[in-house]
Amino acid sequence: MTLLYPLQSLAAHPARLSPDYRSTVKRSPSRPLIPIRHTLSELTGPVYGHETVREHDNDLTIQAKGEPLGERIIVHGHVLDEDGRGVPNTLVELWQANACGRYVHVVDQHPAPLDPNFTGAGRTQSDASGYYKFITIKPGAYPWGNHHNAWRPAHIHFSVFGHSFVSRLVTQMYFPGDPLFPFDPIFNSVTDEKARMRMVSSFDLENTKPEWALCYRFDIVLRGQSATPMETK
Amino acid sequence: MSNQRPDGVTPSQTVGPYFKYGLTPNGEYEWNDAFTNNLLTPDVSGDRIRVEGKVFDGDGAVVVDCMLEIWQADGQGRFSDPQDKRALPNSSFKGFGRCGTDKTGGYAFDTIKPGSVPDPDGNPQAPHILLAVFARGMLLHLYTRIYFDDEAGNAGDPVLAQVPADRRATLIATRQTGNAYTFDVHLQGDRETVFFDV
Ligand SMILES: [Fe+2]
């Protein structure tokens with residue numbers, strides 16, 4: 001299968017300079033990017049062996065001696081290309097704050113407790129149909145210094161590879177109905193509402209496990225289209 | 001899974017300041033590294049090199065919470081990916097590396113000098129490494145290329161030819177003593193690195 005990566009697909013992304021998110025002001029290029037044709041360098045990408053992911057790396061609730069505190073959740077979905085085909089065997093990495101909104105990272109000084117039983121890092125590989133699944137803890141909101149009383153909506157960071165180096169994606173998954181949405185400049189850096197909502201998971205009652213864990217569905221759509229456009233039904 | 005065509009891609013968001021324990025723990029956190037900054041494998045052929053440098057923001061301040069990823073061909077110019085139909089992998093060289101910047105904004109990759117890779121018309125490109133730059137304050141990563149100052153092929157490279165002459169040097173790593181090359185990344189400003197719209 002030959003995939004194309006039209007630049008139009010990039011329109012969904014935030015502007016690199018989004019001044020409401022203050023750190024973008026000195027970290028975004030001031031000169032226009034130079035368009036170049038995709039060569040083999042851009043159209044290929046890393047392939048991983050089974051050694052990259054260990055058996056329980058997708059379950060963040062069993063990495064320590066005890067169980068982490070907080071609301072246990074299942075996060076699952078498909079990694080898809082722009083035609084809706086599953087992206088098989090691709091690496092999905094995840095990292096997040098604990099239930100109190102605190103990261104293990106040494107720079108995070110938010111005065112909320114660390115959980116000795118929760119690191120907040122996981123990874124998995126999508127299966128042949130592009131499906132992936134994590135078991136984790138619902139992360140808490142946390143404050144940051146961007147502006148007065150700035151709080152990040154609860155989110156899980158995702159890193160996904162896909163078919164080529166230009167399909168690489170780092171994003172954040174949000175939870176439906178978060179009251180912090182209107183006030184978060186990172187979330188709102190995606191100006192198109194439909195595109196923004198693609199970062200919001202949906203509550204999945206059907207796959208919620210009775211007496212055990214709520215489930216959220218998060219499909220991740222990467223760049224990549226068929227050379228000949230698919231028929232839409 | 002539905003067979004419906006999605007509305008579009010999932011938008012990018014910043015890697016943020018706290019990725020290290022998940023993406024580049026490097027012995028400082030207990031999580032294991034999926035990738036490191038050392039691409040060398042015992043059986044790899046080619047010239048072993050180190051590419052190192054620092055990342056700077058628009059004020060010239062070092063960026064200490066940056067993640068860099070590289071993707072490159074092997075010494076014969078072949079990618080370790082079945083989509084490269086020419087590939088005849090003769091080693092376990094993967095061609096992918098990841099490095100977080102340190103307290104001085106510095107990074108380094110140990111790898112091999114890539115061979116020449118053809119462009120879509122079959123013309124040779126000069127040896128180069130693709131570099132993706134992620135950081136807090138970057139909502140979408142940037143792509144650039146690392147070329148080498150001791151490669152005669154740079155003069156005929158079709159990508160370098162598209163870059164204004166006065167900015168071309170930002171894409172070219174300079175050879176130091178030994179096998180090391182220096183390649184600094186300037187996210188913004190007078191010395192801004194050329195980034196590609198790919
Ligand atoms: Fe975060």
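**Iron coordination and inter-chain contacts in a predicted two-chain model**

The iron ion is held by four protein donors, Tyr103(A) through OH, Tyr142(A) through OH, His155(A) through NE2 and His157(A) through NE2, at distances of 1.9 to 2.2 Å. Donors are N, O and S atoms within 2.8 Å of the metal (3.2 Å for Na, K and Ca), and water is not among the atoms, so sites may look incomplete. The model is predicted, with pLDDT of at least 70 required for local features and 80 or more for side-chain atom pairs, whereas totals for chains, interfaces and linings use all residues. Residues are numbered from 1 along each chain as its sequence is written, chains are lettered from A and ligands numbered from 1 in the order in which they are written, and side-chain values use heavy atoms, without hydrogens and water.

The angles subtended by the 4 donor atoms at the iron ion run from 93 to 161 degrees, and the arrangement is therefore irregular. Under the criteria applied, four donors are tetrahedral if all angles lie between 85 and 135 degrees; four are square planar and six octahedral if opposite donors are over 155 degrees apart and all others between 65 and 115; anything else is irregular. For reference, the ideal angle for four tetrahedral donors is 109.5 degrees. Along the sequence, the donor residues follow the spacing Y-x38-Y-x12-H-x1-H. Both histidine donors are shielded: His155(A) is buried at 1% relative accessibility, and His157(A) is buried at 3%. Here buried denotes under 20% relative accessible area, exposed over 50%, and partly exposed in between (1.4 Å probe, protein chains only).

The UniProt record, in an unreviewed entry, assigns "domain: Intradiol ring-cleavage dioxygenases" to residues 75–103 of chain A and to residues 51–79 of chain B. UniProt positions are given in the numbering used here, with feature names shortened, and annotations may be inferred rather than shown by experiment. In chain A, the annotated span is 0% helix and 41% strand, with its end C-alpha atoms 19 Å apart. For the chain B span, the corresponding values are 0% helix, 41% strand and 19 Å. Helices (H or I, at least four residues) and strands (E, at least two) are DSSP runs numbered from the N terminus.

Over all chains, 25 salt bridges were found, each defined as a side-chain nitrogen of Lys or Arg within 4 Å of a carboxyl oxygen of Asp or Glu. Asp59(B) and Lys26(A) form one of these, with an N to O distance of 3.1 Å. Asp59(B) lies in the loop between strand 1 (48–56) and strand 2 (66–71) of chain B, and Lys26(A) in the loop between strand 1 (3–4) and strand 2 (34–35) of chain A, so the pair joins two chains. Asp59(B) is exposed, at 56% relative accessible area, and Lys26(A) is partly exposed, at 35%. Asp65(B) pairs with Arg27(A), the closest N and O atoms being 2.9 Å apart. This pair also crosses between chains, connecting the loop between strand 1 and strand 2 of chain B with the loop between strand 1 and strand 2 of chain A. Here both partners, Asp65(B) and Arg27(A), are buried.

Within chain B, Lys20(B) forms a salt bridge with Glu28(B), at 3.5 Å between the closest N and O atoms. Lys20(B) is buried at 17% relative accessibility, whereas Glu28(B) is exposed at 56%. In addition, Asp81(A), Asp83(A), Arg85(A) and Arg5(B) are joined into one network by salt bridges that share partners.

On the surface, Phe203(A), Leu205(A) and Leu214(A) form a nonpolar patch with about 290 Å² of accessible area together. Leu214(A) belongs to strand 12 (residues 214–217) of chain A and is partly exposed at 31% relative accessibility.

Positive phi values occur at two asparagines. Asn89(A), with phi near 55 degrees, is in the loop between strand 3 (72–80) and strand 4 (91–96) of chain A. Asn26(B), with phi of about 50 degrees, is in the loop between helix 1 and strand 1 of chain B and is exposed at 53%.

Arg168(A), in the loop between strand 9 (155–160) and strand 10 (169–174) of chain A, is buried at 4% relative accessible area. Its C-alpha atom is 8.2 Å from that of Arg223(A), although the two residues are 55 apart in sequence.

Key. Patch = residues over 30% accessible without salt bridge, like charges linked within 9 Å, V, L, I, M, F, W, Y side chains within 5 Å. Areas by Shrake-Rupley, 256 points an atom, 1.4 Å probe, with all protein chains shown as cover.
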